[in-house]
Amino acid sequence: MAMTWHDLLFMHWPVSPDALRPHVPEGLVIDTDAQGRAWLAVVPFRMSGVRPRFAPALPWLGAFPEINVRTYVRLDGPSRPSPGVYFFSLDAANPVAVAMARWRFHLRYMNARMCCRAVGSGRADGWIEYETVRTHRREHPAGLRARYRPVSEPFSAAAGSVESFFTDRYRLYAADRRSRVYRAEIHHAPWPLQLAEAHVEMNTMTAPLGIDLGRLPSPAPVLHFAKRLDVVAWSPQRVR
């Protein structure tokens with residue numbers, strides 16, 4: 001698959017690995033940074049051009065807002081570092097894309113009512129307004145209402161930095177209903193990161209995990225913005 005991600009906000013909170021362990025399948029190790037911290041992220045953005053890699057995109061099918069809740073993992077075992085991303089949930093405003101991703105990639109996509117729009121055009125007023133409310137049947141309610149913008153020039157993550165820990169990951173992991181683990185390789189250029197600011201009115205995206213972000217030891221998230229990234233994703237392969 002090929003796609004383009006737009007107006008992405010990384011909101012990262014340091015958390016204890018023990019808080020995430022019950023929600024990550026066996027066979028995956030929760031990755032931690034140099035200080036022994038796991039990280040929990042809420043990531044709103046907008047998709048366009050979603051399509052099989054060498055096929056044209058259909059505007060009514062290939063463009064929609066999305067938001068995911070993620071952490072960072074690797075395969076268990078000393079000979080299998082394989083750092084990647086594990087998604088607790090992915091909400092999207094396109095029921096066809098949700099159904100296809102759940103079936104093809106074994107990802108926990110869910111239907112949501114969503115709105116993402118740019119307000120203003122300059123650095124002083126170039127906000128992204130974002131709102132989502134989960135509508136998927138028989139799933140825990142979740143939502144986000146926020147506005148955000150970049151506040152620095154773009155930069156690439158330095159080796160060994162926390163930004164590198166967040167973004168130098170070129171695979172995703174998923175598990176099916178039988179707890180079988182799959183890996184899909186992804187490819188993109190280095191993230192064009194910018195520092196960001198955000199005003200969040202409501203954020204219950206981590207409530208299904210039993211985690212209240214306002215009660216964490218560090219309730220203020222680490223924020224980064226990315227304007228655009230072109231991405232290619234390969235079909236998932238079972239690894240455990």
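This is a friendly dialogue on how to read several features of a predicted model.

Colleague: I have the model open and would like to begin with the rings. How many aromatic pairs are there?

Modeller: Keep in mind throughout that this is a predicted model. Two rings pair if their centres lie within 6.5 Å. Counting that way gives 9 aromatic pairs.

Colleague: Could you take me through one? How are the rings of Y72 and F165 arranged: stacked or edge-to-face?

Modeller: Look at the angle between the planes, where anything over 60 degrees is called edge-to-face. The planes of Y72 and F165 stand at 80°, with ring centres 5.9 Å apart, so this pair is edge-to-face. Now find the two residues in the chain. Y72 belongs to strand β4 (residues 64–75) and F165 to helix α4 (residues 162–167), so the pair links distant parts of the chain, 93 residues apart.

Colleague: Are Y72 and F165 buried or exposed?

Modeller: Under 20% relative accessible area, a residue is called buried. Y72 has 0% relative accessibility, so Y72 is buried. F165 has 14%, and therefore F165 counts as buried too.

Colleague: Let me try another pair. What is the arrangement of the rings of Y86 and F88?

Modeller: Their centres are 5.6 Å apart and their planes meet at 85°, so Y86 and F88 form an edge-to-face pair. Y86 is buried, at 9% relative accessibility, and F88 is buried as well, at 6%.

Colleague: Which residues do ring pairs link into a cluster?

Modeller: The cluster consists of W5, F10, F45 and W191.

Colleague: Where do the charged ends of R147 and R169 sit?

Modeller: Each sits over a ring. For R147 the ring is that of W127, and the charged end is 4.5 Å from the ring's centre. For R169 the ring is that of F165, with a distance of 4.6 Å to the centre. You have met F165 already, as the ring partner of Y72.

Colleague: Next, cysteines. How many disulfides does the whole structure have?

Modeller: The general idea is that a disulfide is a covalent bond between the sulfur atoms of two cysteines. Searching the whole structure turns up 0 disulfides.

Colleague: Why is C115 without a bond to C116?

Modeller: The closest cysteine sulfur to that of C115 is in C116, 7.3 Å away, so the two are too far apart for a bond. The cut-off is 2.5 Å. C116 is in no disulfide either, with the sulfur of C115 as its nearest cysteine sulfur. As for exposure, C115 is partly exposed at 39%, whereas C116 is buried at 18%.

Colleague: Now a single residue. Where is T4, and what does T4 touch?

Modeller: Start with its element: T4 lies in strand β1 (residues 2–15). T4 is buried, with 9% relative accessibility. Its side chain makes a polar contact of 2.8 Å with the side chain of D230. Setting aside neighbours within four places in sequence, T4 is in contact with R46, M47, S48, R228, L229 and D230.

Colleague: Which strand does β1 pair with over 10 bridges?

Modeller: That is strand β12 (residues 222–233), and the pairing is antiparallel. To see one bridge, find M3, whose partner in β12 is V231. Strand β10 (residues 181–187) also runs antiparallel to β12, joined by 2 bridges; there H187 stands opposite V232. Strand β11 (residues 193–203) is joined to β12 by 3 bridges, again antiparallel. One of the partnerships with β12 is that of L193 with A226.

Colleague: How many residues of strand β5 are buried, and which strands pair with β5?

Modeller: In β5 (residues 84–92), 9 of 9 residues are buried. With β4 the pairing is antiparallel over 8 bridges, and V73 has G84 in β5 as its bridge partner. With strand β9 (residues 171–175) the pairing is parallel over 2 bridges, where Y86 is matched with Y173. With strand β6 (residues 109–119) the pairing is parallel over 3 bridges, and L90 is matched with Y109.

Colleague: One last exercise. How far apart are M100 and W127, in sequence and in space?

Modeller: M100 is in helix α3 (residues 95–105) and is partly exposed, at 45%. M100 and W127 are 27 residues apart in sequence and 31 Å apart in space, from C-alpha to C-alpha.

How values were computed
Residues numbered from 1 in each chain as written. Predicted model: local features only at pLDDT ≥ 70, side-chain atom pairs only at ≥ 80, totals over all residues. Heavy atoms only, no water. Phe/Tyr/Trp six-rings, centres within 6.5 Å; stacked < 30°, edge-to-face > 60°. Helix = DSSP H or I, 4+ residues; strand = E, 2+ residues; numbered from the N terminus. Buried < 20%, exposed > 50% of the residue type's maximum accessible area, 1.4 Å probe, protein only. Lys NZ or Arg CZ within 6 Å of the ring centre and 35° of its normal. Polar contact = N/O pair within 3.5 Å; in protein donor to acceptor, adjacent residues only side chain to side chain. Contact = heavy atoms within 4.5 Å. Pairing = 2+ DSSP bridges.
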